[in-house]
Amino acid sequence: MSIQSHPKLQQVMGDLAFPESPRWHDGQILVSDWGAGEVIGAGLDGRTTVIAKVDSFPMCIDHLPDGRLLIVASSERRIVRREPDGALVTHADLKDFGEHPWNDVVVDGRGNAYVNNIGFDFPDGEVGPGTIVLVAPDGSVCQVAEGVLFPNGMVVTPDNATLIVAESYGNKLTAFEIAAD
C-alpha cells in the first residue's frame, strides 16, 4: 500500500517537517520527523502518537527483537533505547567511533544493530569515506566496515547473513556477509 492510496496516512504524512526512517511495528507506521525531533506512530485509523522526543538530527530508528525502539541520537553520538515505561536510556555510546554524523540503523534478528557514520560534515564538508559499526545487544560497539561513500539506507536479509548498504555517493548497493560471531 502506498501512502497516496490511503487518505488518512497521506494526511498524517503531509503534516511532517522532515520524515525519515519509516518502520512498520505493532500495527502502525513509525517515522522520525527530523524537523520536529519526534518519533511519531500512525495507525491505519489515522490517529497519531508521539512515541519519543529526541533533540538530535538525524534520528533514524529500528526495533530490537523484543520490541524496544532504538533511536540514533547523532548530535549526542549515541544510540538511545526506549524502555517499556517510555524512558529513553543510552543503549550504546558512539563517541569513540566517529566524530561525523551518524545516520541509519538496522537491527538483525539476533538483536545486533548496524549503524552507519557518513564520514564527513554533511552537507558542506569535503566528502570522505564512512564506516559502519555493530552494536551488540549488550551495547558494546565495534567497527565492522569502512570505506563506504555516504552509507545511508540499510537492510539485513531475513536469514541474518547479509547486510546491504546503500552508498548514496557511491551510486551503488554494497552487500557485506555477516559472520556468525
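Me: In this predicted model, residues count as buried under 20% relative accessible area, exposed over 50%, and partly exposed in between. Which class does F122 fall into?
Reply: F122 is found in the loop between β10 (113-117) and β11 (130-135). Its relative accessibility is 45%. The class between the cut-offs of 20% and 50% is called partly exposed, so F122 counts as partly exposed.

Me: What accessible area do F122, V127, L149 and Y169 have together?
Reply: These residues, F122, V127, L149 and Y169, form a patch on the surface. The patch is nonpolar, and the accessible area of its members together is about 350 Å².

Me: Which residue in β8 is the bridge partner of V80?
Reply: V80 is the partner of I71 in the pairing of β6 with β7. Strand β7 is also joined to β8 (residues 88-93) by five bridges, and these two run antiparallel. On the β8 side, the bridge partner of V80 is T90.

Me: Which residue has a positive phi in the turn between β6 and β7?
Reply: β6 (residues 69-73) and β7 (residues 78-82) pair in the antiparallel sense over five bridges. They form a hairpin with four residues between them. The turn residue with a positive phi, about 55°, is R77.

Me: Which strands stand at the edges of the open sheet β1-β2-β3-β4?
Reply: The four strands of this sheet pair in the antiparallel sense, in the order β1-β2-β3-β4. An edge strand here has a single partner strand, so one side of it is left without a neighbour in the sheet. The strands at the edges are β1 (19-25) and β4 (48-53).

Terms used
Residues are numbered from 1 along each chain as its sequence is written. This is a predicted model: local features need pLDDT of at least 70, side-chain atom pairs count only at pLDDT 80 or more; totals for chains, interfaces and linings use all residues. Side-chain values use heavy atoms; hydrogens and water are left out. Patches are made of residues with over 30% relative accessible area and no salt bridge: like charges are joined within 9 Å, nonpolar side chains (Val, Leu, Ile, Met, Phe, Trp, Tyr) within 5 Å. Accessible areas come from the Shrake-Rupley method with a 1.4 Å probe; for residues, only the protein chains shown count as cover. A salt bridge is a side-chain nitrogen of Lys or Arg within 4 Å of a carboxyl oxygen of Asp or Glu. Buried means under 20% relative accessible area, exposed over 50%, partly exposed in between (1.4 Å probe, protein chains only). Two strands pair if DSSP finds at least two bridges between them.
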